[in-house]
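New to this one? Let's walk through it together, from the overall build to a single helix and then to the ligand.

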Amino acid sequence: MPEIAIRPAVKTDAPAIAHILRSTGWFEPINAEPVQETLNRMDRHLKLCLADNSHSIYLAEDPQGGVVGYVSAHWLPYFFLSGPEGFVSELFIEEAYRGQGIGKRLIQEVVREARERVCSRLMLVTSRSREAYQREFYKKDGWQERDDIANFVLKL
Ligand SMILES: CC(C)(COP(=O)(O)OP(=O)(O)OC[C@H]1O[C@@H](n2cnc3c(N)ncnc32)[C@H](O)[C@@H]1OP(=O)(O)O)[C@@H](O)C(=O)NCCC(=O)NCCS
């Protein structure tokens, strides 16, 4: 297996992120839109994320420079917490590269940065129907599922 490096995203990484997301086939709006539209949006969102230090995107890269996965984290200053909360919004590994410890390494990178930022906690939401939940990807690394918190969404 090729050596995979973890590195922070730079603004030219938008096409790689677009490719990973489109290849999942999970997201109806992305499946339905032309490639260029996905590329343009990734480009805008990545620039926003890199504009200040409120967001961190880490990529997993093979020795040829091919991006095989990414994780996004957002650092939220809560008034009622002593340190910020890190929200992990996205974690995707290319299908051919799953099960090789890359997802775990990306999450470890976020945990490392969260400790460096003296965060109070990290948080994420995931679908119970996904393999990540069923194979206890997060629980294996100490994440606790909360049974006292309702997760609401207002779709706009
Ligand atoms: C979930 C996902 C990010 C895990 O990354 P990965 O690189 O495949 O996982 P790892 O190889 O680091 O596996 C870490 C642990 O999870 C287990 N695991 C293996 N394949 C897995 C899979 N497909 N999904 C979840 N967990 C898996 C491993 O057994 C391993 O456990 P161990 O440490 O006891 O051996 C990856 O499978 C993926 O991108 N899935 C599709 C997108 C997704 O579900 N993202 C999460 C949304 S919150």
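What follows is a short tour of the model.

Keep in mind that this is a predicted model. The protein chain has five helices and five strands, and from the N terminus on they come in the order β-α-α-α-β-β-β-α-β-α. A compact globule of 156 residues would have a radius of gyration near 15 Å, and the protein chain comes out at 16 Å, which agrees. Along the principal axes, its C-alpha atoms fill a box of roughly 40 × 40 × 30 Å. Of the 156 residues, 22% count as buried.

Now zoom in on helix H4 (102–116). Its 15 residues should span 21 Å at 1.5 Å a residue, and its end C-alpha atoms are indeed 21 Å apart. Which residues of H4 are buried? They are Ile-102, Gly-103, Leu-106, Ile-107, Val-110 and Ala-114. These cover an arc of only 140° around the axis, so they sit on the same side of H4. Helices work like this in general: an α-helix has 3.6 residues a turn, so residues three or four places apart point the same way. On the other side of H4, Arg-112, Arg-115 and Glu-116 are exposed. The cover over the buried residues includes strands E1, E2, E3, E4 and E5. Just after the helix, Val-118 takes a positive phi of about 55°.

H4 also helps to surround the ligand: strand E4, H4 and helix H5 each supply at least two residues of the shell. There are 18 residues around the ligand, and the closest are Arg-98, Gly-103, Lys-104, Ala-132 and Phe-137. By class, the shell has seven nonpolar, five polar and six charged residues.

Notes: Residues numbered from 1 in each chain as written. Predicted model: local features only at pLDDT ≥ 70, side-chain atom pairs only at ≥ 80, totals over all residues. Near = placed C-beta within 6 Å. Helix = DSSP H or I, 4+ residues; strand = E, 2+ residues; numbered from the N terminus. Nonpolar A, V, L, I, M, F, W, Y, C, P; charged D, E, K, R; others polar. Expected span 1.5 Å × (residues − 1). Buried ≥ 20, exposed ≤ 12 C-beta atoms within 10 Å, placed from the backbone. Arc of directions from axis to C-beta. Contact = placed C-beta atoms within 7 Å. Rg over C-alpha atoms; globule rule 2.2 N^0.38 Å.
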